Amino acid sequence: MEQHAIEQLKTIAKVSPTYAHLEITRRERLERWAEILERSPRQFLRTLHETEYQPITERMAMRGDDSPISVAFADPVLRAAGMENDSYGEAKRFFELSDHQLHDVVCFCRFGEHVSAAVVARRLRALADRKPSGFFSRLRAFFG
């Protein structure tokens with residue numbers, strides 16, 4: 001991929017440093033991530049090593065090239081919806097996942113060094129289909 005300075009691009013295209021923020025639900029974000037992975041279901045992605053044992057600050061900063069999270073971040077739709085980087089912490093925030101849920105999607109202890117994109121996509125679809133449970137979800141349902 002070629003990279004050009006913004007000034008160079010302005011000579012051949014209209015360049016705007018701002019973009020419209022795309023509003024999509026948690027379910028739509030998870031489904032989009034799964035769709036991206038399903039485009040190359042046999043692709044093997046790198047896992048993150050022992051996420052559950054890392055101190056919180058280190059865990060939130062964890063990332064890896066060719067990880068399921070980096071695949072999500074490469075998508076312009078998810079970036080337009082507000083995904084800021086390909087770290088564990090950002091995936092947790094952006095996709096509204098608990099540590100336990102994200103651990104089940106990207107951790108080494110679940111799959112070894114690599115996991116197929118198809119396996120991750122199935123887990124993401126299961127998370128997207130799952131209705132939130134617990135006290136706060138019942139309050140949200142009650143108060144709208």
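**Close-up views of helix α7 and the nonpolar core**

**View 1. Helix α7 is mostly covered, with 6 of its 8 residues buried (under 20% relative accessible area, 1.4 Å probe, protein chains only).** The model is predicted: local features need pLDDT of at least 70, side-chain atom pairs count only at pLDDT 80 or more, and totals for chains, interfaces and linings use all residues. Residues are numbered from 1 along each chain as its sequence is written, and side-chain values use heavy atoms, without hydrogens and water. Helices are DSSP runs (H or I, at least four residues) numbered from the N terminus. The buried residues of α7 are Q101, L102, H103, D104, V105 and V106. Their cover includes α2 (26–38), α4 (68–73), α6 (88–94), α8 (108–111) and α9.

**View 2. Helix α7 (residues 99–106) packs against helix α9 (residues 117–129).** The angle is about 155°, and the axes, lines fitted to C-alpha atoms over the stretch in contact, lie 9 Å apart. The two helices are therefore roughly antiparallel (over 145 degrees between N-to-C directions, on a range from 0 to 180). Q101, D104 and V105 of α7 meet V120, R123, L124 and L127 of α9 in this contact (heavy atoms within 4.5 Å).

**View 3. The largest nonpolar core (buried Ala, Val, Leu, Ile, Met, Phe, Trp, Tyr and Cys residues joined through side-chain atoms within 4.5 Å) has 30 residues.** Those with the most contacts inside this core are L30, W33, L37, L78, F95 and L124. Two or more residues come from each of α2, α4, α6, α7 and α9, and α9 gives the most, with 6 residues.

Terms used:
Parallel < 35°, antiparallel > 145°, perpendicular 65-115°, else oblique. Buried < 20%, exposed > 50% of the residue type's maximum accessible area, 1.4 Å probe, protein only.
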